[in-house]
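Good morning, colleagues. Please take a moment to look at the sequence and the structure before I begin.

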Amino acid sequence: MSHNTEQWLEDLIRLTDGDDKKKTDKQAKILEAAIEIFSEKGYAATSTSEIAQKAGVAEGTIFRHYKTKKDLLLSIAGPIATKLVAPFLMRDFAKLLDLPYNQVDEFFRAIARDRVIFARKNVKLIKILFHEVPFQPELMEQVKGLLTNIVVQRIEKVVKHFQEQGQVIEAPPWRIMRSAASMFIGMIIFHVFLMPEFPFDEEEEIDRTLDILLHGIARRTEAE
């Protein structure tokens, strides 16, 4: 694989390694080609002949490893959902959530900055998840379970902590998490996926987004 291969893809290849080195090399090429095309065109618009051509293998080689194109997709999306989403979400994110924060803006700023970096490093991973997981019910349930059991519980604990300190309004923690997630995900989608060429100061954008999250969009009077 090329030196530009994303870390998550290398992890995915390792998850599918077998005892036959030649077979593993071919599977690696097939998986890398499939991921590249799936992330660009989506599953439905991708043909196995395109994947084979990009991988430099015969189309029949794909079907020796995967019975159908759907099996190939699931061999990618399945490990992503069950074995890669949690580690990639939590590898450094868990430490981030466990750090002591004195101010709520410090907490949300750290999350926003961390997730922007994550998105830039794992564009293909995120594209495949966005394209395919919503249309694969079993994968959707796996991802929802991982997010609920791993991410939401930890963030909820931090939100309650700041509510007890009087830094966050009294509201269901899930509503506060939803509001923050919507704004941060929207910022990431715009700058990383929709308009990556759009010039902006990343730190300033995070600060302005955080300001709107914490204070709203209404004009503040001098008394405030």
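I shall describe the overall layout, then the nonpolar cores, then two helix crossings, and finally a few individual residues.

Let me note at the outset that this is a predicted model. How many helices and strands does the protein chain have? There are 11 helices and 0 strands. Following the sequence from its start, one therefore reads the pattern α-α-α-α-α-α-α-α-α-α-α. The protein chain has 224 residues, and 42% of them count as buried. As for contacts between residues at least 6 apart in sequence, 67% of these join residues at least 24 apart.

I turn to the interior. The largest nonpolar core holds 32 residues. Which of its residues touch the most other members? They are Phe107, Phe108, Ile155, Phe162 and Phe184. Two or more residues of this core are supplied by each of the following elements: helix H6 (93-98), helix H7 (104-121), H8, helix H9 (137-164), H10 and helix H11 (202-215). H7 provides the largest share, with 9 residues.

Two of the core residues just named can be followed further. Ile155 touches Leu97, Phe107 and Met177, when residues up to four places away in sequence are not counted. Phe184 has its place in helix H10. Is Phe184 buried or exposed? Its relative accessibility is 7%, and therefore Phe184 counts as buried. With residues up to four places away in sequence again set aside, Phe184 touches Phe108, Ile111, Ala112, Thr209, Leu210 and Leu213. For one of these partners, Ile111, there is also a distance to report: Phe184 and Ile111 stand 73 residues apart in sequence, and their C-alpha atoms are 8.8 Å apart in space.

Apart from the largest core lies another core, of 18 residues. Its members include Ala33, Ile62, Leu72 and Ile128. Ile128 belongs to helix H8. Because its relative accessibility is 1%, Ile128 counts as buried. Along the chain, Ile128 and Glu40 are 88 residues apart, while their C-alpha atoms are separated by 8.7 Å. H8 thus appears in both parts of this account: H8 gives two or more residues to the largest core, and Ile128, a member of the other core, lies in H8.

Next, the crossings that involve H8. The axes of H7 and H8 come within 5 Å and cross at roughly 90 degrees. That angle makes H7 roughly perpendicular to H8. On the H7 side the contact is formed by Phe118, Ala119, Arg120 and Lys121, and on the H8 side by Val123, Leu125 and Ile126. Sorted by class, this contact of H7 with H8 comprises 5 nonpolar, no polar and 2 charged residues.

The second crossing pairs helix H8 (residues 123-132) with helix H10 (residues 173-194). Their axes come within 12 Å, and the crossing angle is roughly 115 degrees. H8 and H10 are therefore roughly perpendicular to each other. What is the handedness of the crossing of H8 and H10? It is left-handed. The residues that make this contact are Val123, Ile126, Lys127 and Phe130 of H8, together with Ile189, Val192 and Phe193 of H10. They divide into 6 nonpolar, no polar and 1 charged. Val123 and Ile126 of H8 take part in the contact with H7 and also in the contact with H10.

I close with two residues from another helix, H3 (residues 48-55), where Thr48 has its place. Thr48 has a relative accessible area of 10% and is therefore buried. Leaving out residues up to four places away in sequence, Thr48 touches Glu59, Ile62, Phe63 and Lys69. Of these partners, Ile62 was named a moment ago as a member of the core of 18 residues.

Glu50 also lies in helix H3. How exposed is Glu50, and what is its relative accessible area? Glu50 is partly exposed, because that value is 26%. Beyond its neighbours within four places in sequence, Glu50 is in contact with Ile37, Lys41 and Ala45. Finally, Glu50 and Ala34 are 16 residues apart along the chain, and 8.6 Å separates their C-alpha atoms.

Methods: Residues are numbered from 1 along each chain as its sequence is written. This is a predicted model: local features need pLDDT of at least 70, side-chain atom pairs count only at pLDDT 80 or more; totals for chains, interfaces and linings use all residues. Side-chain values use heavy atoms; hydrogens and water are left out. Axes are lines fitted to C-alpha atoms, for helices over the stretch in contact, and angles run from 0 to 180 degrees between N-to-C directions. Helices (H or I, at least four residues) and strands (E, at least two) are DSSP runs, numbered from the N terminus. Angles under 35 degrees count as roughly parallel, over 145 as roughly antiparallel, 65 to 115 as roughly perpendicular and the rest as oblique. A crossing is left-handed if the near helix is turned anticlockwise from the far one by less than a right angle, and right-handed if clockwise. Contact means heavy atoms within 4.5 Å. Ala, Val, Leu, Ile, Met, Phe, Trp, Tyr, Cys and Pro count as nonpolar, Asp, Glu, Lys and Arg as charged, and the others, Gly among them, as polar. A nonpolar core is a set of buried Ala, Val, Leu, Ile, Met, Phe, Trp, Tyr and Cys residues joined through side-chain atoms within 4.5 Å. Buried means under 20% relative accessible area, exposed over 50%, partly exposed in between (1.4 Å probe, protein chains only).
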